[in-house]
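Hi everyone, thanks for coming. Let's have a look at the ligand site together.

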Amino acid sequence: MLRKLVATAAAVTLFGALTACGSGGSSGSADDTIVMGFAQVGAESGWRTANTKSVQEAAERAGIELKFSDAQQKQENQIKAIRSFVQQRVDVIAFSPVVETGWDTVLLEAKRAGIPVILTDRSIDSDDESLYATFLGSDFVEEGRKAGEWLVEETEGESRVNVVELEGTTGAAPAIDRHTGFVEAIEGTNIEIIASQTGDFTRSGGKQVMEAFLKAHDDIDVVYAHNDDMGLGAIEAIQAAGKKPGEDIKIITVDAVKDGMQALAEGRINFIVECNPLLGDQLMELAKKVVAGEEVPHRVVVEETTFTQEQAAEALPDRKY
Ligand code: AHR
């Protein structure tokens, strides 16, 4: 651990004898390996699994020691993990915030300890931008906008289009922003969101909420799911209700993981907006720069595309996740 190395070296100089330096304060082995504390959201979706794998593999490739913590979609667990990384005096903390708000106190603790923080995948809502060095992730508003724009074009000339929305985790940046972008795109059209509820980004959540939507509304034209997993759950509910997903009810999702792309290629989903989970290599590169005190952009946006059914069929054989 670099920080520890510097501190220990200073102490040793003071006492005039080089006896020990190293990582984590426990091993006593001399090395300059960067130690990253990474507080992941959880394992709620196929996207998240791919993201975790990308981060772990990239850390290994980059020679960065990763202390990994899974918050099981609970903010209090992430806060605990960050505090523990501060106590362990890691060189850099990276995390994907479960929700947008409530981070200032713990991030101030990291700042006071001199440990830089990198936000990855999701951002925070704070007035103090100095609490983190950089944010690497998608433009979620743009993702929502792309979903809405496709629907506007697809349903042009129809007198009324009823949409039910399966929202991501309440308070999470992708849930807030994907809703905002979609609403922006459909404004002034005959498309209306008739019901909206959280499915917590999980397949079971999507299925459960869709079952309730189908009981309450017999006029659903479109499902807009904030991720593939909830869309796939909705497909199960639609089929169980005796309807054909992709035909009787159109489905739009976000992510483009393999299962989603398969359903799209087979006609059970109609359109997917990509959200790229392969952030590992970029994250490690940024971490090395931040630890070295080099300047990095405060915001790094990930490039993404969209998929129609035809495009999914073409892309599927090479899809890595
Ligand atoms: O923050 C990214 C989102 O979180 C993904 O779209 C979703 O699948 C995940 O749970």
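So, who surrounds the ligand? Going along the chain, we meet Glu44, Ser45, Trp47, Arg48, Asp121, Arg122, Phe140, Pro174, Arg178, Phe201, Asn227 and Asp255, where near means a heavy atom within 4 Å. This is a predicted model, with local features needing pLDDT of at least 70 and side-chain atom pairs pLDDT 80 or more, while totals for chains, interfaces and linings use all residues. Numbering starts from 1 along each chain as its sequence is written, and side-chain values use heavy atoms, leaving out hydrogens and water.

By type, the shell has six charged residues, four nonpolar and two polar; Asp, Glu, Lys and Arg count as charged, Ala, Val, Leu, Ile, Met, Phe, Trp, Tyr, Cys and Pro as nonpolar, and the others, Gly among them, as polar.

Now the polar side-chain atoms. Aspartate 121 has one 2.8 Å from a ligand oxygen, arginine 48 has one 3.0 Å from a ligand oxygen, and for serine 45 the distance from a side-chain N or O to a ligand oxygen is 3.1 Å. How much of the ligand does the protein bury? Of the 280 Å² that the ligand exposes when taken alone, 100%, by the Shrake-Rupley method with a 1.4 Å probe.

Finally, why does the ligand lie between two domains? Because domain 1 (24–138 + 277–304) and domain 2 (140–275) both give residues to its shell, with bounds from an automatic or database domain assignment.

Notes
Polar contact = N/O pair within 3.5 Å; in protein donor to acceptor, adjacent residues only side chain to side chain.
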